[in-house]
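Got your viewer open? Load the model and follow along, one selection at a time.

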Amino acid sequence: MRVLVTGAAGFLGSHMVDRLLGAGHQVAGFDNLSTGQRSFLEHAFRNPGFTFHQADLLDRERLTRVMEGAELVVHFAANADVRFGTQHPRKDLDQNTIATWNVLETMRDLGSRKIVFSSTGSIYGEPEIFPTPEICPFPVQTSLYGASKLAAESLIQAYCEAFGMQGYIFRFVSILGERYSHGHVFDFYKQLSQHPHRLHVLGDGHQKKSYLYVHDCLDAILIALQRADKKVNIFNLGTDEYCEVNDSIGWICAYLGLRPKITYAGGQRGWIGDSPFILLDCSRMRALGWKPRLSIRQAVLATIKYVSEHSAAANSKCEP
Ligand SMILES: NC(=O)c1ccc[n+]([C@@H]2O[C@H](COP(=O)([O-])OP(=O)(O)OC[C@H]3O[C@@H](n4cnc5c(N)ncnc54)[C@H](O)[C@@H]3O)[C@@H](O)[C@H]2O)c1
């Protein structure tokens, strides 16, 4: 199959590229390298089935040239950071919603019919049902990121209905693992490498979070592509457990052999749009025969191992 992967140089995109190439597909990677890293694609560059295109999804002409002939579009490119949304409100709209509309319009022009989309558990805002199922009533959106992703999901659904496309929408919890480049493990590691004896935590440390290991996430997507066949297929992806931020800090500090003095900013939320409790009901995905292999603790440990071994590369481009 010929596959276009947007966000190919990112954390998840680069792993997806490797997985697709490993399965013998031809892959075109599309990325503007705003947060992605060329080094994540070093395996891919050695594969003759791979081409890389450094370009922006807002450039429709370039996107059209690269998408030509793609039977599947894996659309992972986005502004993936919830926390800094309020500093640049236009970014989520452009990178997440308009960019997705560009992908859909280009697919329509070219007759490309199948799209995989990386959505997020953030679209549930602060739900009242736990674990939160896909059919949960949508409460008020609490982040620009979640709102922009939900708008993108809606566009995908409407395009599937109107133009005979097929959509695979995945609502992830936070993903951990190798090539991880943004999020709490990275932030804590960065602080501790600068001053090993103190750690400042946003919120009260009791935020309850669910995390998923990157290869468990990609396994689910690849399984769903084979086993689900509705016009629009929507799946939550996460583990059936959660941990508190304080648990995660304990695992990270034990791994690094540190006992820092911890201070808390306080409040149930670390920042605007932070959800104090995330636990998704993933029984719909599990019914297809998928289950995650790594627990949250194992995924946190794999991540801190990776981040500490790759601290220089581990995202110089991320916002502070
Ligand atoms: N990592 C997580 O925990 C998580 C959780 C939920 C959802 N997601 C979603 O999964 C996807 C991948 O996330 P990630 O963690 O790999 O993030 P990432 O920042 O590592 O990857 C995103 C990639 O998209 C590229 N990109 C951004 N805007 C672009 C544009 N306009 N044109 C071309 N390329 C562009 C970036 O350079 C980057 O390589 C995103 O859509 C994100 O919203 C991620």
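**Stop one: a histidine in helix 6**

Select His 184: it counts as buried because 22 C-beta neighbours sit inside 10 Å, and 20 would be enough for that label. Keep in mind as you click around that this is a predicted model. His 184 belongs to helix 6, residues 184-194. Leaving aside residues up to four places away in sequence, His 184 touches Val 245 and Ser 248. Now pick Ser 174 too: 10 residues separate Ser 174 from His 184 in sequence, and their C-alpha atoms are 9.6 Å apart.

**Stop two: the sheet**

Next, show the strands. You'll find an open sheet of 7 strands, paired in parallel, in the order 3-2-1-4-5-6-11. Its edges are strand 3 (50-54) and strand 11, each of which pairs on one side only. On average, neighbouring strands here are turned by 15° against each other, direction ignored.

Zoom in on strand 4, residues 72-75. Which residues cover its two faces? Leu 72 and Val 74 lie on one side, Val 73 and His 75 on the other, and all are buried.

Now look to either side of strand 4. Strand 1 (residues 2-6) runs parallel to strand 4 and is joined to it by 4 bridges; Val 5 has Val 74 as its bridge partner. Strand 5 also pairs with strand 4 in the parallel sense, over 4 bridges, and there Leu 72 is partnered with Lys 114. Trace the chain from strand 4 through helix 4 to strand 5, and you've followed a right-handed β-α-β crossover.

Helix 4 itself is worth a click: it lies across strand 1, strand 4 and strand 5, running at about 175° to strand 4.

Carry on to strand 6, which runs parallel to strand 5 and is joined to it by 7 bridges. To see one spot there, select Ser 118, which stands opposite Phe 170 in strand 6.

**Stop three: helix 5**

Finally, select residues 144-163, which make up helix 5. How far apart are its end C-alpha atoms? They are 28 Å apart, which agrees with the span expected for 20 residues at 1.5 Å a residue.

Colour the buried residues of this helix, among them Leu 144, Tyr 145, Leu 150, Ile 156, Tyr 159 and Cys 160. What do the buried residues of helix 5 pack against? Helix 4 (89-110), strand 5 (114-120), strand 6 (166-172) and strand 11 (232-237). Step just past the end of helix 5 and you land on Gly 164, with a positive phi of about 65°.

Notes: Residues are numbered from 1 along each chain as its sequence is written. This is a predicted model: local features need pLDDT of at least 70, side-chain atom pairs count only at pLDDT 80 or more; totals for chains, interfaces and linings use all residues. A residue is buried if 20 or more other C-beta atoms lie within 10 Å of its own, exposed if 12 or fewer, and partly exposed in between; C-beta atoms are placed from the backbone. Two residues are in contact if their C-beta atoms, placed from the backbone, lie within 7 Å. The expected span of a helix is 1.5 Å times one less than its number of residues. Two strands pair if DSSP finds at least two bridges between them. A crossover is right-handed if, with the strands pointing away from the viewer, the path from the first strand over the helix to the second runs clockwise. Axes are lines fitted to C-alpha atoms, for helices over the stretch in contact, and angles run from 0 to 180 degrees between N-to-C directions.
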